[in-house]
Amino acid sequence: MKSLSLSTIARQRHFRPLRRPIFPLPSPPNRPFTTSNSTPQSSNPASDTPPPPQPQRQPPKNANKTLHHAIATETGLYTTLPYSPGSPFFLPHGTRIFNRLIEFLRAQYTLHGYQEVVTPMIYNDALWEKSGHLENFRDDMFKVSSAKRKVQKGSEDGEGLNAGVRSEEEGKYSLKPMNCPGHCLLYKTRGHSYADLPLRFAEFAPLHRDEIRSALTGLTRVRRFHQDDAHIFCRGDQIFTEISSTLSMLETVYHALGFPDYKFVLSTRPENYMGSLEDWEKAEEVLKRSLDNTSRVWGIDEGDGAFYGPKIDVLLQDWQGRQHQTATIQLDFQLPQKFELSYDVAPDGTTGGVSKETPVIIHRAIFGSLERFMALLIEKYENRWPFWLSPRQVKIIPVTNKPEIITFAKRTRDILSGVKTGERIQAMGKRTFFVDLEERNLGLNKSIREAKSAGYNVIVVIGEDEVRSGKVRWDVWEREYVKKGMDGAEEVYQKLVQMEAEYQ
Ligand SMILES: [Zn+2]
């Protein structure tokens, strides 16, 4: 049988539009950002093509809270179980997206001079006392106790960096709700000179916060979440540059992910602030100047800053017009003082300087909670993910199950996935893709329909012509499946690499 391109088959079979909305949505997957008071955009503005068919299904009663959860359930991304309320279990396809987001940020970190670190999950409460979290955040922290504790009440083990730490005291540990104190300890493990700064520590560790059970919602309100967290230790004269550079990185990341429209909000000094009024005013002034330097309109939320400093939050709007806080950039003059952080100052920038100064900390997260950001992405893309982020990238469909066709299809799968079956070791750094081979012999048309419905970005059909020529036909989703021609598998692999590199 002569194989046909997918677009030809689609025309012959009068395929329905390929995207199958799971629930009625007011606008298409790449729906534009609208302001909170505006009405949803029409899904078919001034087009001479017929409007897409209206989906039959109705949203669940609680759609405003659970749309992303419904989509994720239907497309197999994550689940939640009563054994650990508020802690999502990511399924393999959801984990692919999760890991891709982290891989994407790690690539940006190399560009922006971040160093990734790994720090503990649980800490002695002496640390939280020092950082002020026990005083200000106690009700949101999970306590941890040990069955093998050695109670030595009253005796302090440490001095210097470890001052206040008691040995294995009962019930005196907590799961970390933030990474900052751990990063301060890391900073303190060695001396720093004027020239060492800025020092940028990044960490993707999970964090735990004890949200009340009734408030838990899908991926947006959870107890366990991952932040793309980082702390920049810098000198006073570096604050403006660091904040501006962070805002610029944020702009790049949000554009790549299809969220070019977002709002900045500056939150200022709250009633329970720590530190001096002068430090607060200085910090707020720098943040305002950095925001003025962007081309975006920004708002102000008086009195909503963190207890340790003012912050810039990013608000993203979902398809229903609700605002979600994602990124955050917080300036902190307090924590470095609490941890007695310092750097040596010398006129020529060398160590062993004449005096010590206290650095400033910038807490910053670009996605904020990865889980919450994924919820927004899931609602935005449904099962039509961009190729580089997609959990289902390529589907290979053999026209028949003749042995020579199946053998060629398997070889093609190995080449396109970048993983050769049976090899002893996989080369590090080689780009790999998620490629599935249709092995059920469902018939060509049904296989293609299923692959399209599942949201595969690339569909490759292999018949006798392909086996004879040694080339494969491949179609790519670009708002519809577009025929890309007939190429050798190695050439197609290189095209996939290019698509990924260009964040298509
Ligand atoms: Zn922090």
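A residue counts as buried here when its relative accessible area is under 20%. With that cut-off in hand, the zinc site is a good place to start in this predicted model. Cys180 has a relative accessible area of 4%, so it falls on the buried side. His363, at 5%, is buried too. Together with His231, these residues hold the zinc ion: the donor atoms are SG of Cys180, NE2 of His231 and ND1 of His363, and they sit 2.0 to 2.3 Å from the metal. Read along the chain, the donors are spaced as C-x50-H-x131-H. Cys180 belongs to helix 6 (residues 180-188) and His363 to strand 16 (residues 360-369), so this pair ties together parts of the chain that are 183 residues apart in sequence.

Further along the chain comes an open sheet. Its 5 strands run in the order 18-17-19-20-21, and the pairing is mixed. Strand 18 (435-437) and strand 21 (481-488) take the edge positions; each has a single partner strand, so one side of each is left without a neighbour in the sheet. On average, and ignoring direction, neighbouring strands here are turned by 20° against each other. For strand 18, the pairing with strand 17 (residues 394-398) is parallel and covers 3 bridges. One residue pair to look for is Val394 with its bridge partner in strand 18, Val435.

Charged pairs turn up as well, with 26 salt bridges found across the whole structure. One of them links the side chains of Asp279 and Lys282, at 3.9 Å from N to O. Both residues are in helix 8 (residues 277-293), and being 3 residues apart puts about one helical turn between them. Asp279 is buried at 13% relative accessible area, whereas Lys282 is partly exposed at 45%.

In another salt bridge, Lys311 meets Asp313, with 3.3 Å between the closest N and O atoms. Here Lys311 is buried at 12% relative accessibility, and Asp313 is buried at 6%. Glu466 and Arg473 also join through their side chains, at 3.1 Å from N to O, and again both are buried. Elsewhere, Arg100, Glu103, Arg431 and Glu500 are joined into one network by salt bridges that share partners.

Finally, the surface has a nonpolar patch of about 370 Å², made by Leu81, Tyr83 and Phe89. Leu81 sits in the loop between strand 1 (78-79) and strand 2 (89-90), and is partly exposed, with a relative accessible area of 35%.

Conventions. Residues are numbered from 1 along each chain as its sequence is written. This is a predicted model: local features need pLDDT of at least 70, side-chain atom pairs count only at pLDDT 80 or more; totals for chains, interfaces and linings use all residues. Side-chain values use heavy atoms; hydrogens and water are left out. Patches are made of residues with over 30% relative accessible area and no salt bridge: like charges are joined within 9 Å, nonpolar side chains (Val, Leu, Ile, Met, Phe, Trp, Tyr) within 5 Å. Accessible areas come from the Shrake-Rupley method with a 1.4 Å probe; for residues, only the protein chains shown count as cover. A salt bridge is a side-chain nitrogen of Lys or Arg within 4 Å of a carboxyl oxygen of Asp or Glu. Helices (H or I, at least four residues) and strands (E, at least two) are DSSP runs, numbered from the N terminus. Buried means under 20% relative accessible area, exposed over 50%, partly exposed in between (1.4 Å probe, protein chains only). Donors are N, O and S atoms within 2.8 Å of the metal (3.2 Å for Na, K and Ca); water is not among the atoms, so sites may look incomplete. Two strands pair if DSSP finds at least two bridges between them. Axes are lines fitted to C-alpha atoms, for helices over the stretch in contact, and angles run from 0 to 180 degrees between N-to-C directions.
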